[in-house]
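This briefing goes through a structural model by topic. Helices come before the nonpolar cores, and the strands and salt bridges follow.

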Amino acid sequence: MNRRLPFSGPERWRQPGADRLWTYNLHAFRFLSGIQPRDGLFLVLDWIAENTDPKGPGWEPYPLSIRIREWIEWVHSNRGLDEAAAHRIVGSIARQTAALEAQIEYHLMGNHLLENAVTLCWAGLSLDGERASKWVRRGLSILREELATQVLPDGAHDERSPMYQALLAEALLRLAGVADKVRSRDADTIGHLSQSAGTNLLGSLSRLVHPDGEYALLNDCALGVAPTYGALIQRFIAGGDPGMENLDTRLGAWALADAGYFGWRDGYGTCLVFDSGPIGPDHQPGHGHADALSFELSRRGMRVIADTGVFTYNPCSVRQYDRGTAAHNTIQVDGRDQSELWESFRCARRISIRSAGTGFRDGGLELHGSCGGPGKSGQTVMHSRSIRIEPPVIGFHDELTAPGRHQAVLRVHLAPGLTCSLDSDGWKAAAGSEALARVSGRGFSFDATTTPYHPRFGVEIDRPALSAAFDFHDRLELNWSIHLL
């Protein structure tokens with residue numbers, strides 16, 4: 001979370017001033033495998049002694065789901081534990097799993113509900129007794145239903161966040177490893193379901209990775225939370241799968257049509273990711289952003305154009321900005337977001353995708369998408385964008401339609417650390433002395449500005465950005481380009 005607080009005193013597990021996500025991470029114990037066993041034992045026993053209130057933050061279903069798995073794996077990895085300590089820890093794991101079973105997150109659904117199901121299966125397979133068998137049955141029932149819903153036919157996760165997709169791929173593939181150690185019909189079913197879904201999630205995730213090895217910042221995605229794609233491949237793909245491991249071999253156009261993500265990659269470290277998908281599933285758009293028809297671009301292995309990321313989940317102006325249209329590489333009309341966002345995870349009227357796809361026209365590759373969203377006074381604002389790729393030029397055609405008079409702002413947010421300078425052909429983006437790309441409008445000029453970049457929770461970096469404002473009546477067409485250098 002990139003925020004440091006002292007772990008001391010009677011409130012050490014309930015840090016005053018810490019937000020909910022920070023506290024969840026403390027209680028989740030993801031750090032357990034990375035510290036010395038004696039320190040791990042101290043913290044596990046200290047948690048058991050200090051967290052006896054069932055209404056405390058550590059007993060909420062999400063941190064329960066993560067911690068139970070981490071503790072089970074840690075106990076298996078430390079077979080030399082004192083018998084009394086091991087008995088106390090395993091007893092606590094059983095009580096925690098019972099508490100989880102009593103508060104499954106049906107109300108949130110999405111990744112939370114799937115994490116709950118993974119943990120019920122994991123704990124049930126790891127323990128003996130009738131309660132453990134019941135956990136397996138209930139976990140399997142939820143797992144079967146949610147995987148059918150949440151893993152799209154193209155292998156992407158339906159909340160459309162690379163960060164959560166990576167976390168779920170890891171959880172499912174770890175569960176498959178647990179199931180492989182147990183001989184039962186339910187274990188076989190759990191193993192097959194989790195291995196298949198985890199592999200599908202991991203396969204589609206490869207499309208959402210830049211040449212720098214990190215994820216595209218689509219929707220709620222922050223770096224440093226989920227394992228990198230490379231780390232997942234190293235851990236779970238035996239012997240390495242050349243099609244998944246080496247991104248440079250997967251060149252040309254690609255499509256995750258069910259998720260609404262399309263892109264292109266070449267052999268020179270260029271990677272384009274185009275978002276023409278919905279804000280998220282209708283029943284759970286909480287991790288979605290108002291970013292339809294936005295894109296990210298890398299060149300020579302470095303990010304050139306980047307979305308904004310996520311600074312916090314707390315309800316505040318920064319959270320509102322990160323989710324809003326102005327934080328993305330698309331067009332904002334009349335100062336409104338494409339979808340009506342409120343609180344931290346709420347969405348009212350939202351954008352609808354009318355078309356999306358990829359194809360070849362007149363010898364060139366074209367990515368395209370169109371959407372309609374709520375405008376002022378009950379109007380609908382239509383936006384279509386086509387991206388024509390004829391290296392070294394990437395051409396953009398934007399068309400807006402909305403009855404009456406309006407103002408539109410086209411924004412292009414560059415990556416931090418780049419310089420942006422104006423010459424006779426447009427704005428040149430460079431990393432030191434290395435020129436990477438030039439952005440220019442046809443019949444209009446961009447203005448340079450600075451915008452915040454939130455690649456990780458709690459981290460803000462200033463970076464250059466370009467914008468162009470337009471007044472229009474009923475219809476607006478824009479043509480502009482990025483020249484790869």
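**Helices, cores, strands and salt bridges**

Helix 7 has 18 residues, and its first and last C-alpha atoms lie 25 Å apart, close to the 26 Å expected at 1.5 Å a residue. The model is predicted. Its features include a nonpolar core of 53 residues, an open sheet of five strands and 25 salt bridges.

**Helices 5 and 7**

- Helix 7 is largely enclosed by the rest of the structure, because 17 of its 18 residues are buried.
- Helix 5 has 17 residues, which should span 24 Å at 1.5 Å a residue; the distance between its end C-alpha atoms is 25 Å, which agrees.
- Helix 5 is mostly covered, with 16 of its 17 residues buried.

**Nonpolar cores**

- The largest nonpolar core holds 53 residues, of which Phe29, Trp71, Ile89, Leu125, Leu143, Leu175 and Ile190 touch the most other members.
- At least two residues of this core come from each of helix 1 (20-28), helix 2 (37-50), helix 3 (61-77), helix 4 (83-101), helix 5 (110-126), helix 6 (130-150), helix 7 (162-179) and helix 8 (185-205).
- Helix 5 gives the largest share of this core, nine residues.
- Leaving aside residues up to four places away in sequence, leucine 125 touches Val136, Leu175, Val178, Ala179, Val182, Ala187 and Ile190.
- A second core, separate from the largest one, has 45 residues and includes Leu297, Leu466, Phe470 and Leu478.
- In soluble globular proteins, nonpolar side chains tend to be buried together.

**The five-stranded open sheet**

- The five strands of this open sheet follow the order 1-2-3-4-5 and pair in the antiparallel sense.
- Strand 1 (252-256) and strand 5 (302-305) are the edge strands, each pairing on one side only.
- On average, neighbouring strands of this sheet are turned by 20° against each other, direction ignored.
- Strand 1 and strand 2 (residues 261-265) run antiparallel and are joined by five bridges.
- Glycine 252 has arginine 265 of strand 2 opposite.
- Strand 1 and strand 2 form a hairpin with four residues between the strands, where glycine 260 takes a positive phi near 90°.
- At the other edge, strand 5 runs antiparallel to strand 4 (residues 294-299), and three bridges join the two.
- Leucine 297 has isoleucine 305 in strand 5 as its bridge partner; Leu297 is also among the residues of the second core.

**The hairpin of strands 9 and 10**

- Nine bridges pair strand 9 (residues 352-361) with strand 10 (residues 364-374) in the antiparallel sense.
- One of the bridge partners in strand 10 is glycine 369, which pairs with alanine 356.
- Two residues lie between strand 9 and strand 10 in their hairpin, and aspartate 362 in the turn has a positive phi of about 55°.

**Salt bridges**

- The salt bridge count comes to 25.
- Arginine 475 and glutamate 477 meet through their side chains in a salt bridge of 2.8 Å, N to O.
- Arginine 475 counts as partly exposed at 44% relative accessibility, and glutamate 477 is also partly exposed, at 38%.
- A network of salt bridges with shared partners joins Glu70, Glu73, Glu170, Arg174 and Arg235.
- Glutamate 130 and arginine 137 form a salt bridge in which the closest N and O atoms are 3.2 Å apart.
- Glutamate 130 is exposed because its relative accessible area of 58% lies over the 50% cut-off.
- Arginine 137 is partly exposed, at 43% relative accessibility.
- The salt bridge of glutamate 434 with arginine 300 has its closest N and O atoms 3.6 Å apart.
- This pair links distant parts of the chain, 134 residues apart: glutamate 434 belongs to strand 15 (residues 434-441), and arginine 300 to the loop between strand 4 and strand 5.
- Glutamate 434 is partly exposed with a relative accessible area of 32%, as is arginine 300 at 41% relative accessibility.

Methods
Residues are numbered from 1 along each chain as its sequence is written. This is a predicted model: local features need pLDDT of at least 70, side-chain atom pairs count only at pLDDT 80 or more; totals for chains, interfaces and linings use all residues. Side-chain values use heavy atoms; hydrogens and water are left out. Two strands pair if DSSP finds at least two bridges between them. Axes are lines fitted to C-alpha atoms, for helices over the stretch in contact, and angles run from 0 to 180 degrees between N-to-C directions. A salt bridge is a side-chain nitrogen of Lys or Arg within 4 Å of a carboxyl oxygen of Asp or Glu. Buried means under 20% relative accessible area, exposed over 50%, partly exposed in between (1.4 Å probe, protein chains only). A nonpolar core is a set of buried Ala, Val, Leu, Ile, Met, Phe, Trp, Tyr and Cys residues joined through side-chain atoms within 4.5 Å. Contact means heavy atoms within 4.5 Å. The expected span of a helix is 1.5 Å times one less than its number of residues.
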